[in-house]
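Colleague: I have a structure open and some questions about how it is put together. Can you walk me through it?

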Amino acid sequence: MGELAEYTSKLATELVKKGIETFLVTYHPYLTGITQEPNGVGTVRVSNPVRTHIGVLTWVLTLNQEVERAAANIYYKANKQIDLVDVFDWHFIPAAVTLKNALGIPFIYSVDSLEDHRSHEANSPYNMAIKSIEWLGTYEASKVIAKSEWMRDEIIRIYETPKEKIQVRLPAAISWVEDVLKVYSIAKRSAGGR
Amino acid sequence: MKKPLNVMFLTWEYPPRVIGGISPHVFYLSKSLAKNDVKVHVVTCDFPGAPAHETIDGVEVYRVDSYKNPAPDFATWVYLMNLNMQKEAAAIAGKLDRKVDVFHAHDWLVATAGIGLKHVFRKPLLVTMHSTEIGRRDGIHTSTERMIAETEAWLTYEAWKVICCSNYMMSHVKWAFGLPDDKLVMVPNGVNVRVYDKARQQDLKDFRTTFALPDEKLVLFVGRLVYEKGAHVLINAIPKILEKVNAKFVIVGSGYMKEQLSTIVRSMGLEHKVLFTGFVEEESLIKLQCCADVAVVPSLFEPFGIVALEAMAAKSPVVVSDTGGLSEIVEHDVTGAKVYANNVESMAWGITKVLLDEKYRNNLRENAYKRIQERYDWEKIAQQTKQIYEGVLGEYSKSFWA
């Protein structure tokens, strides 16, 4: 759909190379189930049990329960030893928030883009709903990762997120993976080192 | 000693938030379960002036942010509300000293919250299907309706057991979602007879005059003003009834058909005979039900028919459509009068018969009141529900989730 697929695949691959057990939960309309990808990333693809929708919002909000189901299965299979969830953009923030509240797994909100930029100056109930979910992500996350300083400033401007909560990690930097891992460590520590 | 059960109810309405029949159902069921040594945590939508957390007769009630931004439409609001409900319920369940044993969802309006909680906590999910979209709409006609119907199907698929309030509803749900017989269980709705007994002890003469003149019989309709509740059938029957009986028709409730119904009444020149009250708070509604000379439930689709049960508890004779759960609650000529559904002639006949024949009317009152005490007591319903929880937990204890 956009750049997120490539970004998350690259990040997951690099994390596995560093010896970190990594699972990826994502969507596919029909190729559902668990696979061990060639890059070593345990991948679970889920589809939406509700086939008919009236908009992106209802589609996203119902898909989240399948994401929660898949993530919970990983959590219990791993003897509850999941340290952290990294959620990319707004779509699966509801699942990340539930996993945090129910199971105590902290999460990082990695911002690729914001509704304010995607639908500039649009403040319809539809846009406001997505913005409210993005805000929830910034509020509930242990740390927020932005890909540029400009994006960090935008997150602060739009959602009034404390500056110290946002970490800028440039995907083009040579030390990108180490930089992301540092944020993961900080988030894990601040959540009590589960 | 056996540990008491710990159950979490998910419901979009709980008093003082009253929209339909789910609110009183959950209110009385949770209180009666508490009396039967079941700890119930109700997670519901917030309501102006109602506290975020309170304990009512042993029931823990949590009112959560129901998403107050303008939503694109009602169905999308429901899913947004569920996001908040699930988040809050997860936090509440996570902090309890004793883990939740069972999540119990009431209708599709809390479907996604219930399904998500089931999986993250790995606990059984039960659902009470109070109604279905295909029944409410008399078919599926739009994408929104299909989406809701598919959400209902998903919820019943995920549930360990699906509770229905009548045999009619059980067969309807089985047909609508293709469910196996052993997944379905029937537990009737209940009514709290004591509140009606108490109201009847008062002198209601003055109260009645605010709705009808002393020489007018009082015909009462209570329900949402939506197609499936059939208020239009009653209104169309009024001229025929007035040919034989002097009566006032009191229509309690609101809904999208309000304007349309008012227009019909105006066009028939019957504004002086029909009173639209809108929403009536509970105390007055109970008194009104006790004053009614006949309570009419003209539904076209009715999974249960709690309004008929309330009227019977209030000793008001009932005239109901012979459909759905109403057919099971009312025994014709014994506990009420049944008329053909969506049939104006039949409706007029039933109401007229009850209003003109005092002996018949009094027989219906007494028989119905007795029937209510025998079959629809909340105490018995709570015991049945507790047995279902225990049965599910027995099966669950043998699963790999336990």
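Modeller: What follows goes through the contact between the chains, then some strands and helices of chain B.

Modeller: Keep in mind that this is a predicted model.

Colleague: Fine. How many residues does each chain put into the contact?

Modeller: Chain B gives 30 residues and chain A gives 28 residues.

Colleague: Which helix of chain B supplies the largest share of that side?

Modeller: H2(B), with 11 residues. Helix H2 (74–95), H3 and helix H5 (143–158) of chain B each supply at least two residues to the side that touches chain A. By class, that side of chain B has 15 nonpolar, 10 polar and five charged residues.

Colleague: And H3(B), at what angle does it pack with H2(A)?

Modeller: About 10 degrees, with the axes 8 Å apart; H2 of chain A covers residues 56–77. Angles under 35 degrees count as roughly parallel, so H2(A) and H3(B) are roughly parallel to each other.

Colleague: Which residues make that contact?

Modeller: From H2(A), A:Leu61, A:Thr62, A:Gln65, A:Glu68, A:Arg69 and A:Ala72. From H3(B), B:Thr112, B:Ile115, B:Gly116, B:His119 and B:Val120. The classes come out as four nonpolar, five polar and two charged residues.

Colleague: Now the strands. Which way do the residues of E6(B) point?

Modeller: E6 of chain B is residues 125–128. B:Leu125 and B:Val127 point one way, B:Leu126 and B:Thr128 the other way.

Colleague: Are those four buried or exposed?

Modeller: All are buried.

Colleague: What does E6(B) pair with?

Modeller: E6(B) pairs in the parallel sense with strand E5 (residues 102–106) of chain B, over four bridges. In that pairing, B:Phe103 has B:Leu125 as its bridge partner. The chain gets from E5(B) to E6(B) through helix H3 (residues 111–121), and this β-α-β crossover is right-handed. E6(B) also pairs in the parallel sense with strand E7 (residues 161–164) of chain B, over three bridges. There the bridge partner of B:Leu126 is B:Lys161.

Colleague: There is also a sheet of six strands. What is its order?

Modeller: E11-E10-E9-E12-E13-E14 in chain B; the sheet is open and the pairing parallel. Strand E11 (274–278) and strand E14 (337–339) are the edge strands, each pairing on one side only. On average, neighbouring strands are turned by 20 degrees against each other, direction ignored.

Colleague: How many bridges between E9(B) and E12(B)?

Modeller: Three, in the parallel sense, between residues 217–222 and residues 294–297. The bridge partner of B:Leu220 in E12(B) is B:Ala295.

Colleague: Which strands does H12(B) lie across?

Modeller: H12 (residues 306–313) lies across E9, E12 and strand E13 (318–321) of chain B, and runs at about 165 degrees to E13(B). Helix H14 (residues 344–356) of chain B packs on the sheet too, touching E9, strand E10 (247–252), E12, E13 and E14. The direction of H14(B) makes about 165 degrees with that of E14(B).

Colleague: Last one. How do H1(B) and H16(B) cross?

Modeller: At roughly 75 degrees, with the axes coming within 8 Å; H1 is residues 22–35 and H16 is residues 378–396. That makes H1(B) and H16(B) roughly perpendicular to each other.

Colleague: Which residues meet there?

Modeller: B:Tyr28, B:Leu29, B:Ser32, B:Leu33 and B:Lys35 in H1(B) meet residues of H16(B) including B:Trp378, B:Glu379 and B:Ile381. The contact divides into six nonpolar, two polar and three charged residues.

Terms used
Residues numbered from 1 in each chain as written. Chains lettered and ligands numbered in written order. Predicted model: local features only at pLDDT ≥ 70, side-chain atom pairs only at ≥ 80, totals over all residues. Buried ≥ 20, exposed ≤ 12 C-beta atoms within 10 Å, placed from the backbone. Pairing = 2+ DSSP bridges. Right-handed = clockwise from strand over helix to strand, strands pointing away. Axes fitted to C-alpha atoms, helices over the stretch in contact; angles between N-to-C directions. Parallel < 35°, antiparallel > 145°, perpendicular 65-115°, else oblique. Contact = placed C-beta atoms within 7 Å. Nonpolar A, V, L, I, M, F, W, Y, C, P; charged D, E, K, R; others polar.
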